[in-house]
Amino acid sequence: MAWAFARDQGIPYSKYFSHVSPSLDFPVRATLLSMTFCGFYGLIYLASSTAFNSIITSAVLYLSITYAIPQGIIVTRGRETSLPARVWNLGKAGYICNILSPLLIAVIGTCLCFPPQLPVTTGNANYTPAILFGLFMVVLCIWYMRGHKFTGPKIDWELLNLTACR
């Protein structure tokens, strides 16, 4: 995934990390980047179980947000204009799913931001909202600095529409 994001110029130093080793036919640099990130991520548990719990809670929240955003876009733009032809078309029931999912994720996300125990101290507080805000600011800065260079994946929508309904 790191290589695909680098290939699409979605991370800093994309040219370096999108390189595929000719001898191994493998994205070694992107893999090492992922391994390094995961290693540092794992070291946080050694420092503080509260920090580790906040990171795990944050991961669940961020994954949920990544599900809610596309569904919200589909609701606002319309299923007919946003989705390609497909075999599994839910029709009007699809709108119900697309409306309820972001609402339920908002409720679950709010619950994930509650502290794990009472009374709340600095040692047992849930820092997920602060991490979410900080990450959002970092992503926003990267978007304004590099967002114009992000090309995204190349999708042949016509081919996808032809093969999806067979």
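This text walks through two helices and the cysteines of a predicted model. Local features need pLDDT of at least 70, side-chain atom pairs count only at pLDDT 80 or more, and totals for chains, interfaces and linings use all residues. Residues are numbered from 1 along each chain as its sequence is written, and side-chain values use heavy atoms, leaving out hydrogens and water.

Start with helix H6, residues 92-112. Helices here are DSSP runs (H or I, at least four residues), numbered from the N terminus. Leu104 lies in H6. Its relative accessible area is 52%, so Leu104 is exposed (buried is under 20%, exposed over 50%, partly exposed in between; 1.4 Å probe, protein chains only). Leu104 joins Ile96, Ile99, Leu100, Leu103 and Ile108 in a nonpolar surface patch of about 570 Å². Patch residues have over 30% relative accessible area and no salt bridge (Lys or Arg side-chain nitrogen within 4 Å of an Asp or Glu carboxyl oxygen). Nonpolar side chains are joined within 5 Å, like charges within 9 Å. Areas come from the Shrake-Rupley method with a 1.4 Å probe.

Now the cysteines. Cys97 is partly exposed at 39% relative accessibility. Cys111 is partly exposed at 46%. Why does Cys111 form no bond with Cys113? The two sulfurs are 9.1 Å apart, too far for a bond, and Cys113 holds the closest cysteine sulfur. A disulfide needs two cysteine sulfur atoms within 2.5 Å. By this rule the count is 0.

Cys113 also touches Thr128. Thr128 lies in helix H7, residues 128-146. At 0% relative accessible area, Thr128 is buried. Beyond four places in sequence, its contacts (heavy atoms within 4.5 Å) also include Ser54, Thr57, Ser58, Leu61, Tyr62 and Leu112.

Note on methods
Helices (H or I, at least four residues) and strands (E, at least two) are DSSP runs, numbered from the N terminus.
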